[in-house]
Amino acid sequence: MTDSSAPILVLVEVSPAGTVLPSAAGLLGAAAGIGTPVALVVAPAAVSAAAAERAAELGAARVLVADRPAGSPLLAPVVDALAAAAASVSPDAVLISSSSEGRDIAARFAVRSGAALAVDVVSVSRDEEGPVAHHSVYGGAYLVDSAATSGTLVATVRQGAIEARAAAQTPSIEQLDVTPSGKRDVEVVDYQATVTASDRPELRGAKTVVSGGRGVGSAENFALVEQLADALGAAVGASRAAVDAGYVPASYQVGQTGVTVSPRLYIAVGISGAIQHRAGMQTAKTIVAINKDADAPIFEIADFGVVGDLFTVVPQLIDAISAKKD
């Protein structure tokens, strides 16, 4: 029988500006469900204290802080800190966000430590032998489980997939001594933050997403999808067909070759539901499809479906939402 209060190490991602990224809430919530969350913050000294306090607010019972000097290599210092934290804590599992950096860090750490690696996890649980990772695979057609047969389980967790949240804790912050490994790595000489003027949430990790497909018809008509998203306070996504047709930029694309999302509500407007698109959104908690083709594959996975002309249905939906707000 394993210890359900065993430490679960969570890598808390911090932006260059020192802000704890939204993925931390879900990771710490998942950790609290299978053990005791222990957060690792790797950040410059000037912002690490605030980031550590934020991690405690999100449920970390213990926060380990490792300094990341300005101009240090991109990933090696984080992997070094993870190795030091794991040696100090002896966790049952290590949870890392399935971001571009997170996946790279997890792979490097797993290789270095000889640990089992589970990727793109949508939830975690614990059985009598230890932590178990749950995956949605083959475009959401199957749910499968994985676990480490020995040692620590390292898991990258899909952003937005975990709804559970941990209770806030009184900060217990410890400075972690890290010995640099000297591993070869990319060095960031300089960076320039890109500021996007938008009141909409970021697509990856959004709680509500409204996506448009080829059925929208044109870039001008895509404004209807954006209006619905704004009425709901949602992020805007798109199918690959809509991106390829030039309706919206590639950054909007949801699917196997785009962004993977796991919102509470996903509204597909004029999207047929090809398997490549479904692979990126099928783990949404509630799926609503609007399409004039009653045989569209999207209806196979939709919780609610509206068969009708989107140019009639969507304006009515926007009006109904606006009236509800008033």
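Author: A crossover counts as right-handed when, with the strands pointing away from the viewer, the path from the first strand over the helix to the second runs clockwise. The model discussed here is predicted.

Reader: Which hand does the β-α-β unit of strand 2, helix 2 and strand 3 have?

Author: Strand 2 covers residues 36-43 and strand 3 residues 62-67, and the two pair in the parallel sense over six bridges. Helix 2, residues 45-57, belongs to the unit along with both strands. The hand of this β-α-β unit is right-handed.

Reader: Which residue in strand 9 stands opposite Leu-64?

Author: Strand 3 also pairs with strand 9, residues 173-175, in the parallel sense over three bridges. On the pairing with strand 2, Val-38 stands opposite Arg-62 of strand 3. Opposite Leu-64, the residue in strand 9 is Glu-174.

Reader: How much area do domain 1 and domain 2 bury between them?

Author: Domain 1 spans 7-175 and domain 2 spans 208-325. Their contact takes 11 residues from domain 1 and nine residues from domain 2, while the C-alpha centres of the two domains lie 31 Å apart. Carbon and sulfur atoms hold 49% of the buried area, which is about 740 Å².

Reader: Which side chains meet in a salt bridge at 3.8 Å, N to O?

Author: Between domain 1 and domain 2 there are two residue pairs in polar contact, with both residues at pLDDT 80 or more. The salt bridge count between the domains is one. A salt bridge needs a nitrogen-to-oxygen distance within 4 Å, and the pair at 3.8 Å is Glu-163 and Arg-264.

Key:
Residues are numbered from 1 along each chain as its sequence is written. This is a predicted model: local features need pLDDT of at least 70, side-chain atom pairs count only at pLDDT 80 or more; totals for chains, interfaces and linings use all residues. Side-chain values use heavy atoms; hydrogens and water are left out. Two strands pair if DSSP finds at least two bridges between them. Helices (H or I, at least four residues) and strands (E, at least two) are DSSP runs, numbered from the N terminus. Domain bounds come from an automatic or database domain assignment. Contact means heavy atoms within 4.5 Å. Buried area is the accessible area (1.4 Å probe) that two parts lose on being put together, summed over both. A polar contact is a pair of N or O atoms within 3.5 Å; within protein, one must be able to donate a hydrogen and the other to accept it, and residues adjacent in sequence count only if both atoms are side-chain atoms.
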